[in-house]
Amino acid sequence: MARTVIPFGPQHPVLPEPIMLDLVVEDEKVVEAIPKIGFVHRGLEKLVEKKDFHEFVFVAERVCGICSFIHGQTYCQAVEQIMGVAVPPRAHYLRTIWGELSRLHSHLLWLGLLADGFGFESLFMHSWRVREKVLNIIEATTGGRVIFGTCKVGGVRRDIDTAAMQSLLAQLAVIEKDMREIVDVFLEDNSVKRRLCGVGVLAKDDAYQLGCVGPMARASGLTQDMRQLGYAAFGELTFQPITRPEGDSFARCAVRCGELFQSVDLIRQAAARLPTGEIEVKVTGNPNGEFAARTEQPRGEVVYYVKANGTKNLQRFRVRTPTFANIPALVKLLPGCDLADVPILVLTIDPCISCTER
Amino acid sequence: MAYFRMTQMALKWAISKPATNPYPFAPRVIIPGSRGLLTFNKDTCVYCSVCRKKCPTGAIGVNRHQKKWAIDRLRCISCGYCVEACPKDSLALSTSHGSPAVTKDREIYQGEMPAPKAPAAAPAPVPAG
Ligand code: SF4
Ligand code: SF4
């Protein structure tokens with residue numbers, strides 16, 4: 001059987017962002033996938049030389065358009081560690097709440113894209129309808145819809161007062177109800193199941209060896225969630241990482257569906273325990289030293305390496321994003337699959353290309 | 001039957017109002033606290049340039065001697081860093097998104113000059129961001 005090479009991307013209907021895969025196919029079966037990245041490289045890491053470390057939070061937030069808040073938060077955590085800044089507990093809790101809101105909207109976005117990817121248009125619309133409500137909460141509490149802009153070195157910029165918190169929780173109850181409806185379709189509907197079950201099975205050992213992170217690893221049975229490190233307020237909240245043993249596309253969908261409700265629960269816990277007091281501390285001086293901060297993004301673990309030399313500009317800044325860590329697993333999954341399954345498999349790693357390339 | 005999980009939802013939405021807002025025929029729902037257009041109050045500004053130095057995108061230009069304050073709307077990302085930094089509270093973010101910026105011109109505001117002793121020099125351009 002002759003082999004053919006089919007380019008998948010960088011412009012492809014299922015891809016919100018450009019990544020390219022050269023698919024070597026025999027008949028309808030993929031035998032090899034060669035990934036190419038680098039279409040949206042923006043050189044953000046180099047920008048540390050131009051922007052001072054306070055300003056750089058705005059750049060860090062723009063590393064990714066979906067998990068923006070957690071990028072800013074991770075960057076702040078790294079700089080705060082270097083400088084020995086003690087962030088007030090209230091700021092930690094607010095960061096937790098916003099981080100979980102951002103996970104909610106990211107997962108709802110992904111569920112919509114997945115539904116779109118397998119041709120379930122109405123489900124896609126409904127996922128995004130619910131996501132819109134989350135975005136409204138975010139806009140009301142932070143001022144931005146996807147770029148929150150509230151995290152700063154030393155704390156947060158905005159507070160959520162009691163009235164706003166009550167309204168947030170009331171809206172969250174409605175959102176939870178809406179989410180139950182759509183998650184029910186994702187997890188119970190036979191047409192969805194037949195499209196996802198058994199597609200792209202990644203064994204637990206492979207997931208471990210290929211260094212998978214986030215929902216991708218948890219769907220293969222690895223109990224790995226950076227929130228267990230207890231950064232921000234996660235150390236004081238109770239939660240268990242959601243895992244599935246199957247390792248197929250359906251498991252990855254189910255893990256993210258489970259995390260929606262986990263996030264709602266975490267927001268409720270954080271809101272109930274929200275301490276009173278300051279939301280920021282004054283930060284003086286310049287950082288000197290290095291630190292690698294790790295947090296859990298909707299897509300998995302992100303690592304921020306920050307090196308400072310005592311001037312207002314950082315010396316080195318490096319980000320290892322979750323999608324980058326999951327690409328080897330994708331390349332492992334694709335050989336042997338049907339050509340028609342490629343879009344689903346690419347989507348199930350929740351590719352976020354602009355943060356992969358920074 | 002598990003094949004028709006969507007049907008219930010579809011029927012419910014078939015008889016409910018659309019979730020979307022028919023903008024521009026219906027007004028935009030404004031969320032209080034949203035970060036929108038940057039507004040400038042030239043009466044309180046002292047042209048200290050703090051906002052120009054803080055702005056992460058270099059959208060603001062200030063000329064202290066000519067009392068000019070300028071903004072490049074295409075560059076402004078409505079982050080609010082200048083609002084925080086301004087010692088005179090001359091800047092604010094409104095919830096409106098303003099009219100779309102279609103040119104790269106800067107919006108220039110001229111403060112009132114103290115009347116007599118200003119020498120009639122040729123106006124120099126506002127320094128870039
Ligand atoms: S910081 Fe405030 S007072 Fe100073 S130039 Fe800017 S707007 Fe004017
Ligand atoms: S809001 Fe931000 S981007 Fe806009 S002028 Fe102020 S500091 Fe610059």
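This short presentation describes chain A as a whole and then the surroundings of two ligands.

Good morning, colleagues. Please bear in mind throughout that the model is predicted.

I begin with chain A. Its secondary structure comprises 12 helices and 8 strands. The radius of gyration of chain A is 20 Å, close to the 21 Å that the globule rule gives for 358 residues, so the chain is as compact as a globular protein of that length. Along the principal axes, the C-alpha atoms of chain A fill a box of roughly 70 × 45 × 30 Å.

Next, the interior and the surface of this chain. Of the 358 residues in chain A, 60% are buried. Among contacts in chain A with a separation of 6 or more, 69% are between residues 24 or more positions apart. The area that chain A exposes is about 13,100 Å², and 52% of it is supplied by carbon and sulfur atoms.

I now turn to the ligands. Which residues come nearest to ligand 1? Of the 13 residues around this ligand, they are B:Cys45, B:Cys48, B:Ser49, B:Cys51 and B:Cys86. The shell around ligand 1 has 11 nonpolar and 2 polar residues, with no charged residues.

Around ligand 2 we find several cysteines of chain B, namely B:Cys55, B:Cys76, B:Cys79 and B:Cys82. The surroundings of ligand 2 also include B:Leu38, B:Pro56, B:Thr57 and B:Ile60, together with B:Ile77, B:Ser78, B:Gly80 and B:Tyr81. How does this shell divide by class, into how many nonpolar, polar and charged residues? For ligand 2 there are 9 nonpolar and 3 polar residues, and no charged ones.

Thank you for your attention.

How values were computed: Residues are numbered from 1 along each chain as its sequence is written. Chains are lettered from A and ligands numbered from 1 in the order in which they are written. This is a predicted model: local features need pLDDT of at least 70, side-chain atom pairs count only at pLDDT 80 or more; totals for chains, interfaces and linings use all residues. Side-chain values use heavy atoms; hydrogens and water are left out. A residue is near a molecule or strand if one of its heavy atoms lies within 4 Å of it. Ala, Val, Leu, Ile, Met, Phe, Trp, Tyr, Cys and Pro count as nonpolar, Asp, Glu, Lys and Arg as charged, and the others, Gly among them, as polar. Helices (H or I, at least four residues) and strands (E, at least two) are DSSP runs, numbered from the N terminus. The radius of gyration is taken over C-alpha atoms; the globule rule is 2.2 Å times the number of residues to the power 0.38. Buried means under 20% relative accessible area, exposed over 50%, partly exposed in between (1.4 Å probe, protein chains only). Contact means heavy atoms within 4.5 Å. Accessible areas come from the Shrake-Rupley method with a 1.4 Å probe; for residues, only the protein chains shown count as cover.
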